[in-house]
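Biologist: Hi, I have a new structure open and would love a hand getting to know it. Could you walk me through it?
Modeller: Happy to, let's put it on screen.

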Amino acid sequence: MRTLFTAEMSELADDLTTMAKHVESAITRASEALLTQNVELAQQVIADDSKLDDLEETVDERCVLLIAQQQPVGLDLRSIVASLRISAALERMGDLAQHIAEAARRAYPGSAIPAGHEEIFTGMAEAAKKAATEVIELLETRDLNLAAQIVSDDDALDQLHAQAYKTMLADDYSGSAQETLDISLLARFFERFGDHAVSVSRRIVYLVTGDLTGERGRI
């Protein structure tokens, strides 16, 4: 029974890594679609989101069965509980990538990024892609230093998010209602993407250490 449980836990970890890789692909393609007005790429991201939803359902079902059949305690129980929360965070990251792709598709053949804001959103795209890549490595290694790095790196997205809003408050801002909405929503999507990466990092810290301090600050 223990051998079977160990195999199931290994598959659970693999499923989470697969989800994270899907998220990294989604945010990379959604960002490119946004920055280059590539409607075909945007459509791919939107269509592929159902795959991530299916993976989350698989993870959740596996976790429920493990709890019901194995009655885990200690580290094993922490691993399953953390996995449930991580899968939810990853699924939400995929949704945010989908929202970015939908914004790109809606604005096509134009750009959803108003003139003068290209640099801000290019920076946000790069920071989000970095966060997604770090999450994959974190799930594979459970490196606490990397977990801390993800939290630190999120400051870049927070600063760019604040900068995007600051431009709309400037005296010389003349954006239309649609442009204002695009800036607000896209900046929020990227900022929340980073927040969920931080959430994953905190849950890995909880999994490894059993420390609930980071969990109390969860997203």
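Biologist: What radius of gyration does the protein have, and what would a compact globule with 219 residues have?
Modeller: Keep in mind that this is a predicted model. The protein has a radius of gyration of 19 Å, and a compact globule with 219 residues would have one near 17 Å, so the two agree. Along the principal axes, the C-alpha atoms fill a box of roughly 65 × 35 × 25 Å.

Biologist: Nice. How many helices and strands are there?
Modeller: There are seven helices and zero strands. Buried residues make up 47% of the 219 residues. Among contacts with a separation of 6 or more, 80% are between residues 24 or more positions apart.

Biologist: Let's go inside. Which residues of the largest nonpolar core touch the most other members?
Modeller: Those are Leu90, Leu139 and Phe190, in a core of 66 residues. The elements giving two or more residues to this core are H1, H2, H3, H4, H5 and H6. H3 provides the largest share, 13 residues.

Biologist: And what is Leu90 in contact with, leaving aside its neighbours within four places in sequence?
Modeller: Leu90 is in contact with Leu16, Met19, Ala20, Val23, Leu52, Val135, Leu139 and Val200. One of these, Leu139, is also among the residues touching the most other core members.

Biologist: Switching to H2. What span should its 32 residues have?
Modeller: H2 covers residues 39–70, and at 1.5 Å a residue it should span 46 Å. Its end C-alpha atoms are 47 Å apart, so that agrees.

Biologist: Where does H2 bend?
Modeller: At Asp48, by about 25°.

Biologist: What caps the N-terminal end of H2?
Modeller: Asn38 does: one of its side-chain oxygens lies 3.3 Å from the backbone nitrogen of Glu40. In the loop between H1 and H2 you'll also find Gln37. Gln37 is not a glycine, although it has a positive phi of about 55°.

Biologist: What about the other end, which residue follows H2?
Modeller: That is Gln71, whose phi is positive, near 45°. Gln71 is found in the loop between H2 and H3.

Biologist: Why is Gln71 called exposed, and Gln37 partly exposed?
Modeller: Gln71 has a relative accessible area of 64%, so it counts as exposed, since the cut-off for exposed is over 50%. Gln37 is at 31%, so it counts as partly exposed.

Biologist: Where is the cis peptide bond?
Modeller: It joins Tyr108 and Pro109, with omega about 10°. Pro109 lies in the loop between H3 and H4.

Biologist: I'm curious about Tyr173 too. Where is its place?
Modeller: Tyr173 is in the loop between H5 and H6. Its relative accessible area is 22%, so it is partly exposed.

Biologist: What does the side chain of Tyr173 make a polar contact with?
Modeller: With the side chain of Thr180, at 2.7 Å. Not counting residues up to four places away in sequence, Tyr173 touches Thr167, Met168, Glu179, Thr180 and Ile183.

Biologist: Last one: is Glu191 buried or exposed?
Modeller: Glu191 is in helix H6. With 8% relative accessibility it counts as buried, because the cut-off for buried is under 20%.

Biologist: Which residues does Glu191 touch, not counting those up to four places away in sequence?
Modeller: Glu191 touches Met124, Asp154, Asp158 and His161.

Terms used
Residues numbered from 1 in each chain as written. Predicted model: local features only at pLDDT ≥ 70, side-chain atom pairs only at ≥ 80, totals over all residues. Heavy atoms only, no water. Helix = DSSP H or I, 4+ residues; strand = E, 2+ residues; numbered from the N terminus. Expected span 1.5 Å × (residues − 1). Bend = angle between axes of the 7 residues up to and from the residue. Polar contact = N/O pair within 3.5 Å; in protein donor to acceptor, adjacent residues only side chain to side chain. Buried < 20%, exposed > 50% of the residue type's maximum accessible area, 1.4 Å probe, protein only. Contact = heavy atoms within 4.5 Å. Core = buried A, V, L, I, M, F, W, Y, C linked by side-chain atoms within 4.5 Å. Rg over C-alpha atoms; globule rule 2.2 N^0.38 Å.
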